[in-house]
Amino acid sequence: MTGFVSLVGAGPGDPDLLTLKAARRLGEADLVLYDALVSPGLLDLAPRAQRFFVGKRARKKAVAQETIHWLMVRAARRGKRVVRLKCGDPFVFGRGGEEALALARAGVPFEVVPGVSSAVAAPALAGIPVTHRGLASGFVVVSGHSEKAYAPILDFVAPHSLTVVVLMGLAQRAAIASLLMSRGWRAASTPQSETWTGTLAELASVDPGPDSESAGTLVVGEVLSVAAEIAQKISPPAAVAASHGQK
Ligand SMILES: C[S@@+](CC[C@H](N)C(=O)[O-])C[C@H]1O[C@@H](n2cnc3c(N)ncnc32)[C@H](O)[C@@H]1O
């Protein structure tokens, strides 16, 4: 008897941004292996499942990637329905591709359930359209984890031609800002609550708070010029709930 593995995207945090398919898979699961940045409330959708945290918390050792592969394969071979729950989309900087390959090579049946990636959701929730007619006809998403990852890509992006979205980049924010400015990028905008907006020159000195080394998305580009106006008019969650008759 062989079970099944679903590599599931949990979306950017808000449980309401989970897909219907992901919610169904959680409801059917025997085992959920979940990462950091997955909203704890989502685990309530898997009442019959055993749940294991296999993610990495700031400065603590993560469960080895090979161990995660082994846990998925072993459970599936025992006939279990496994949900591998990863924040955002499983194939965007989440090592989901490696997990899919491990399952494929082990002959375990699996599927991919895409999720709403923070690469677009984090900007959208802050009122930043990653593309906008006349301002940006495309966007590039890079990992800010190390210079080796982002520098070769950003070197080829002409200043102000595209929107640049950086995941895992808060710790490297000074280096990223400096690289972009050295390539001719400049930015200016206004401060807003919960979303910090400012110039590249100011980015290095921003204190993003204690937990932000692991979560936070940087967006650079001309689209920021429309973001303040959009963000001001986005209804706050309480107003949305009230207009939908929810408490
Ligand atoms: C390992 S990557 C995983 C990305 C994920 N697969 C996705 O599609 O969103 C983790 C990074 O995603 C970004 N991220 C994840 N959740 C976020 C959120 N709720 N708000 C802002 N950024 C987030 C942060 O840049 C964080 O460092």
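**Exercise 1.** Find which side chains meet Lys86 and Asp35 in salt bridges, and state how the residues are placed.

*Solution.* Step 1. The side chains of Lys86 and Glu99 meet in a salt bridge, with 3.1 Å from N to O. A salt bridge here is a side-chain nitrogen of Lys or Arg within 4 Å of a carboxyl oxygen of Asp or Glu.

Step 2. Lys86 is in strand β4 and Glu99 in helix α3 (residues 96-106), so this pair, 13 residues apart, links distant parts of the chain. Helices (H or I, at least four residues) and strands (E, at least two) are DSSP runs, numbered from the N terminus.

Step 3. Both Lys86 and Glu99 are buried. Buried means under 20% relative accessible area, exposed over 50%, and partly exposed in between, with a 1.4 Å probe and protein chains only.

Step 4. Asp35 and Arg84 also form a salt bridge, at 3.1 Å from N to O. Asp35 lies in the loop between β2 (31-34) and β3 (50-53) and Arg84 in strand β4 (residues 81-86), so the pair ties together parts that are 49 residues apart in sequence. Asp35 and Arg84 are both buried.

The model is predicted: local features need pLDDT of at least 70 and side-chain atom pairs count only at pLDDT 80 or more, while totals for chains, interfaces and linings use all residues. Residues are numbered from 1 along each chain as its sequence is written, and side-chain values use heavy atoms, with hydrogens and water left out.

**Exercise 2.** State what Arg25 forms with Glu111, and which residues of α1 are buried.

*Solution.* Step 1. Arg25 and Glu111 form a salt bridge whose closest N and O atoms are 2.4 Å apart. Because Arg25 is in helix α1 (residues 20-28) and Glu111 in strand β5 (residues 110-113), the pair ties together parts 86 residues apart in sequence.

Step 2. Arg25 counts as buried at 18% relative accessibility; Glu111 is buried at 14%.

Step 3. In α1 the buried residues are Ala22, Arg25 and Leu26. They fall within an arc of 100 degrees seen down the axis, so they line one face of the helix. The arc is that of the directions from the helix axis to the C-beta atoms. An α-helix has 3.6 residues a turn, so residues three or four places apart point the same way.

Step 4. The cover over the buried residues of α1 includes β1 (4-9), β2, β4 and β5.

**Exercise 3.** State where Phe93 and His160 are found, and whether each phi is positive or negative.

*Solution.* Step 1. Most residues other than glycine have a negative phi.

Step 2. Phe93, not a glycine, has a positive phi of about 50 degrees. Phe93 is in the loop between β4 and α3 and is partly exposed, with a relative accessible area of 40%.

Step 3. His160 has a positive phi near 65 degrees and is likewise a residue other than glycine. His160 is in the loop between α5 (147-154) and β7 (163-167), and is partly exposed at 26% relative accessible area.

**Exercise 4.** State how many salt bridges a search of the whole structure finds.

*Solution.* The search finds eight salt bridges. Among them is the pair of Arg25 and Glu111.

Key
Contact = heavy atoms within 4.5 Å.
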